[in-house]
Amino acid sequence: MSTEVDVAVVGGGPSGAAAAHLLASRGHSVIVCEKKSFPREKTCGDGLTPRAVKMLEVMGLGAKLDTWEKVKGLRVHASGRTLALPWPELDDFPGFGLVKPRRELDQIVLDNAEVAGAKVLYKTQVVEPLWDDGVVQGVVAKRDGDTETIRSKWVVCAEGAATKFSRLLGRERDLGYPMGLAIRQYFRSPMEHSGWFEAYLEVRSGPRALPGYGWVFPVGDGTVNAGVGLLSSYGGWRSVNLHDLQNNFISILPAEWEVNPGTVCSKPRAGRLFMGASVWPPHGPGFVLTGDAAGMINPCNGEGIAYGYETGRIAGRHLDEALRGGSSSSLDGYTRELEDVYGPYYRLGRKFVAMLGHPVLMEKFVSMAMHSKPVMSFALTMLGNLEDERVHGAGQRGMKFMKKLAELKP
Ligand SMILES: Cc1cc2nc3c(=O)[nH]c(=O)nc-3n(C[C@H](O)[C@H](O)[C@H](O)COP(=O)(O)OP(=O)(O)OC[C@H]3O[C@@H](n4cnc5c(N)ncnc54)[C@H](O)[C@@H]3O)c2cc1C
């Protein structure tokens with residue numbers, strides 16, 4: 001069977017759905033191939049910062065958010081202290097975060113793209129690109145044992161951390177860049193309505209302190225999502241067993257939270273986090289890469305949903321222009337925009353992560369910072385990449401200064 005569309009999207013996660021939504025809203029024919037049937041389990045912390053909430057609002061989903069579990073900020077636990085850090089008050093971002101299991105969230109966002117006019121093919125696995133004279137002109141997919149050829153003017157690779165399709169496009173993660181590894185589970189817990197993202201900055205494997213953090217996020221349905229993440233900038237990460245790390249982590253949580261082996265209600269699931277713009281350049285002849293496929297997770301906090309939505313929409317805009325004949329067919333404008341928007345901040349983030357790779361430095365840094373609420377509030381703004389257009393307050397001035405520094409010294 002053969003179909004012809006303007007854009008074929010590989011993957012129906014946040015970045016694929018966002019690209020499809022924008023393109024379909026602008027009148028282009030779009031097919032999203034998603035290898036799983038939805039709703040599907042997705043390994044994630046389910047945490048949405050104000051940055052992600054903003055994107056959901058931009059995609060017209062604001063009305064839905066009212067019923068979701070709202071989060072007022074981050075409660076940080078380290079060095080025997082706890083600091084409650086509300087989200088900064090900003091013009092450009094809402095003042096709250098959310099928690100929504102990806103099983104539901106991804107369905108809602110992909111349905112939204114479908115309502116805008118995109119066609120979604122579930123249980124359809126893209127197996128290879130269609131090349132025509134060195135240019136990608138569509139994809140070959142498998143569904144129920146049948147092979148389908150989808151010819152398209154452009155292809156969006158939004159396959160997440162799967163990497164198979166990206167490799168066929170000649171794109172791979174730069175192994176010199178940091179990567180995250182994380183594991184999560186759901187537990188029944190009275191913390192279901194805590195209203196905070198709980199973050200533990202001390203992750204240990206035996207006596208060793210490791211760069212990473214543990215989290216407990218309130219889902220609001222009687223459960224919490226609890227997990228732990230580790231950075232590959234720690235030299236010995238390959239020898240760390242994530243399941244042991246998770247068990248160690250939950251064993252240090254306060255007993256009254258009831259996050260323990262007796263309240264587990266899902267199997268532990270682990271995944272990789274491709275961060276810091278580690279797949280470069282994220283475009284090529286006939287295609288663009290978005291979200292995790294482009295390695296776009298924020299290296300400072302492991303957040304990837306917002307960046308999936310953002311890069312999906314940026315890609316959608318460039319494809320829209322190309323389809324209208326207004327821009328170069330190589331789509332290098334997409335790569336340039338990602339460099340402009342994220343380049344300086346991600347360079348800074350990679351340096352920060354490299355520093356955290358030294359456990360002694362990390363411990364010193366955390367214990368010093370935990371003695372100052374203003375320092376930790378600034379860290380929340382900085383690590384969450386919550387920069388306002390308008391310069392106001394010390395946090396925003398500090399953030400802009402740091403970004404300028406990163407621009408000067410790549
Ligand atoms: C343990 C863990 C916890 C995390 N916690 C958070 C968090 O709390 N907040 C946050 O913001 N980020 C978090 N992240 C990161 C976040 O999950 C990702 O950044 C985000 O899912 C990226 O979206 P995406 O659309 O790029 O890719 P994905 O969400 O991975 O979507 C890719 C989609 O493509 C499909 N697919 C793959 N290959 C093919 C193919 N060949 N053909 C068809 N379909 C295909 C997959 O089935 C999938 O649905 C976490 C990650 C992990 C591993």
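# Close-up views of the model

**View 1. Pro-281 sits in the loop between strand 18 and strand 19 (283–284).** Helices and strands are DSSP runs counted from the N terminus (H or I over at least four residues for a helix, E over at least two for a strand). This is a predicted model: local features need pLDDT of at least 70, side-chain atom pairs count only at pLDDT 80 or more, and totals for chains, interfaces and linings use all residues. Numbering runs from 1 along each chain as its sequence is written, and side-chain values use heavy atoms, with hydrogens and water left out. The bond to look at joins Trp-280 and Pro-281: it is a cis peptide bond, with omega about -5°.

**View 2. A cis peptide bond also runs from Phe-38 to Pro-39.** Its omega is near 0°. As for the setting, Pro-39 belongs to the loop between strand 2 (30–33) and strand 3. For context, most peptide bonds are trans, and most residues other than glycine have a negative phi.

**View 3. Strand 5 and strand 6 make a hairpin with 2 residues between the strands.** Strand 5 (residues 73–78) and strand 6 (residues 81–86) pair in the antiparallel sense over 6 bridges; strands count as paired if DSSP finds at least two bridges between them. To get your bearings, find His-77, whose bridge partner in strand 6 is Thr-82. Then move to the loop between the two strands, where Ser-79 lies. Ser-79 isn't a glycine, yet its phi is positive, at about 50°.

**View 4. Strands 3, 7 and 4 form an open sheet.** The order is 3-7-4 and the pairing is antiparallel. Strand 3 (47–48) and strand 4 (69–71) are at the edges with a single partner strand each, so one side of each has no neighbour in the sheet. Between strand 3 and strand 7 (residues 97–99) there are 2 bridges. Leu-48 has Leu-98 as its bridge partner in strand 7. As a general rule, side chains in a regular strand alternate between the two faces of the sheet.

**View 5. The ligand has 36 residues around it.** Being near means having a heavy atom within 4 Å. Glu-34, Lys-42, Gly-45, Arg-102 and Asp-292 come nearest. By class, the shell has 12 nonpolar, 14 polar and 10 charged residues. Ala, Val, Leu, Ile, Met, Phe, Trp, Tyr, Cys and Pro count as nonpolar, Asp, Glu, Lys and Arg as charged, and the others, Gly among them, as polar. Helix 1 (14–25), strand 9 (124–132) and strand 18 (269–274) each chip in at least two shell residues, and strand 9 gives the largest share, 3 residues.

**View 6. Backbone atoms of Lys-35, Gly-47 and Val-126 reach nitrogen on the ligand.** These are polar contacts (N or O pairs within 3.5 Å; within protein, one atom must be able to donate a hydrogen and the other to accept it, and sequence neighbours count only if both atoms are side-chain atoms). A backbone N or O atom of Lys-35 is 3.0 Å from a ligand nitrogen. For Gly-47 that distance is 2.9 Å. A polar backbone atom of Val-126 lies 2.9 Å from a ligand nitrogen. Taken alone, the ligand exposes 1,000 Å², and the protein buries 94% of that (Shrake-Rupley areas with a 1.4 Å probe; for residues, only the protein chains shown count as cover).

**View 7. The structure holds 1 cavity of 30 Å³ or more.** A cavity is a set of points, on a 1 Å grid over the protein atoms alone, where a 1.4 Å probe fits but cannot get out; lining residues have an atom within 4 Å of a point. The largest cavity has a volume of about 50 Å³, taken as the space filled by probe spheres set on the points, with points joined across faces, edges and corners. Its lining includes Leu-201, Arg-204 and Met-362. Helix 9 (359–369), strand 14 (203–205) and strand 15 (208–210) each supply at least two lining residues, with helix 9 giving the most, 3 residues. The lining splits into 6 nonpolar, no polar and 3 charged residues.

Technical notes
On a 1 Å grid over the protein atoms alone, a cavity is a set of points where a 1.4 Å probe fits but cannot get out, and a pocket is an open set with protein on both sides within 12 Å along at least five of seven lines; lining residues have an atom within 4 Å of a point.
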